[in-house]
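Biologist: Please take a close look at the pockets of this chain. I would like to know what lines them and how the rest of the fold is arranged around that.

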Amino acid sequence: MTFRIDSSFLPVDLGGGASLVLRDLDTVDEMLALTERNLGRLRKWEHWAHAEQTREALAAYTTWLVSQYSLGYAVPAAIRLDDQLVGVVTARTDSYSLVTELGFWIDGAFEGRGLVGRASAALVHRLQNAGAPRIEIKTSVQNDRSRRVAERLGFVHEGTLRSALQVGDTRHDLAVYGWVPLTDQ
């Protein structure tokens, strides 16, 4: 099976003034400000949020993501509402297994508006159309919002890995959700 991400994945009009756009070096300052505003919330669920947030580190990570996008192994997307960056949806594909992992988060002021769901659904749809053999969403068992997004997208809860997610100084059980294409088997 051939599966490859290409430049047709972005941008995506999500309607209502929202869009999914490429997260590139032009978004670094805005992304840093968004991240800093949300660190209190993000530190509850994301290990990376416990590190010092610097422009240099974010620019290096963004450069790496964009390079992976150009190689066909990532979709580093930002959610824009009107002209404001409000969240992130990123897909990263393991080049060996071709399993794609989807991750997302949104500014606390924009939670509950369906933006993460719409953006994730649009990206999942593009991944499916490109022939993705498997897409996963992994989140803390305690992260009800992320679990609901996975379930609304039609992902199946395939299991829980005990103490598999490091978040700061604690470990969480990890819920694994998966999507695979329907086959004639």
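Modeller: The account below starts with the whole chain, goes on to the two pockets, and ends with a few single residues.

The model is predicted. Its chain has 4 helices and 8 strands, and from the N terminus on the order is β-β-α-α-β-β-β-α-β-α-β-β. The radius of gyration is 16 Å, close to the 16 Å that the globule rule gives for 185 residues, so the chain is as compact as a globular protein of that length. Along the principal axes, the C-alpha atoms fill a box of roughly 50 × 40 × 30 Å. Of the 185 residues, 46% are buried. Among contacts with a separation of 6 or more, 63% are between residues 24 or more positions apart. The exposed surface of the chain is about 9,700 Å², and 50% of that surface is supplied by carbon and sulfur atoms.

Now the pocket you are likely to start with. The largest pocket has a volume of about 790 Å³. It is lined by 31 residues, and those closest to its centre are Glu46, Trp48, Tyr61, Arg92 and Trp105. Two or more lining residues come from each of helix 1 (28-42), helix 2 (55-71), strand 4 (84-93), strand 5 (99-106) and strand 6 (134-140). Strand 5 gives the largest share, with 5 residues. By residue class, the lining of the largest pocket holds 15 nonpolar, 10 polar and 6 charged residues.

The second largest pocket contains about 490 Å³ of space. Its lining has 23 residues, of which Arg41, Ile106, Glu111, Arg145 and Ser146 are the closest to the centre. At least two lining residues each are supplied by helix 1, strand 5, helix 3 (115-129) and helix 4 (144-152). Here the largest share, 6 residues, belongs to helix 4. The lining of the second largest pocket divides into 9 nonpolar, 5 polar and 9 charged residues. Helix 1 and strand 5 are thus named for the second largest pocket as well as for the largest pocket.

Helix 3 can be followed further through one of its residues. Valine 116 is located in helix 3. Its relative accessibility is 10%, which is under the 20% limit, so valine 116 counts as buried. Beyond its neighbours within four places in sequence, valine 116 is in contact with Ile79, Phe104, Trp105, Ile106 and Val149. Among these partners, Trp105 is one of the residues closest to the centre of the largest pocket, and Ile106 is one of those closest to the centre of the second largest pocket. Valine 116 also lies 7.5 Å from valine 89, C-alpha to C-alpha, although the two are 27 residues apart in sequence.

Some backbone details remain, two of them in loops next to strand 4. Aspartate 82 is in the loop between strand 3 (74-81) and strand 4. Its phi is near 55°, a positive value in a residue other than glycine. With a relative accessibility of 61%, aspartate 82 counts as exposed. Leucine 98 is in the loop between strand 4 and strand 5. Leucine 98 is not a glycine either, yet has a positive phi of about 60°. At 18% relative accessibility, leucine 98 counts as buried. Elsewhere, the peptide bond between leucine 10 and proline 11 is cis, with omega about 0°. Proline 11 belongs to the segment before strand 1 (12-15).

How values were computed
Residues are numbered from 1 along each chain as its sequence is written. This is a predicted model: local features need pLDDT of at least 70, side-chain atom pairs count only at pLDDT 80 or more; totals for chains, interfaces and linings use all residues. Side-chain values use heavy atoms; hydrogens and water are left out. On a 1 Å grid over the protein atoms alone, a cavity is a set of points where a 1.4 Å probe fits but cannot get out, and a pocket is an open set with protein on both sides within 12 Å along at least five of seven lines; lining residues have an atom within 4 Å of a point. Grid points are joined across faces, edges and corners, and a volume is the space filled by probe spheres set on the points. Ala, Val, Leu, Ile, Met, Phe, Trp, Tyr, Cys and Pro count as nonpolar, Asp, Glu, Lys and Arg as charged, and the others, Gly among them, as polar. The radius of gyration is taken over C-alpha atoms; the globule rule is 2.2 Å times the number of residues to the power 0.38. Buried means under 20% relative accessible area, exposed over 50%, partly exposed in between (1.4 Å probe, protein chains only). Contact means heavy atoms within 4.5 Å. Accessible areas come from the Shrake-Rupley method with a 1.4 Å probe; for residues, only the protein chains shown count as cover.
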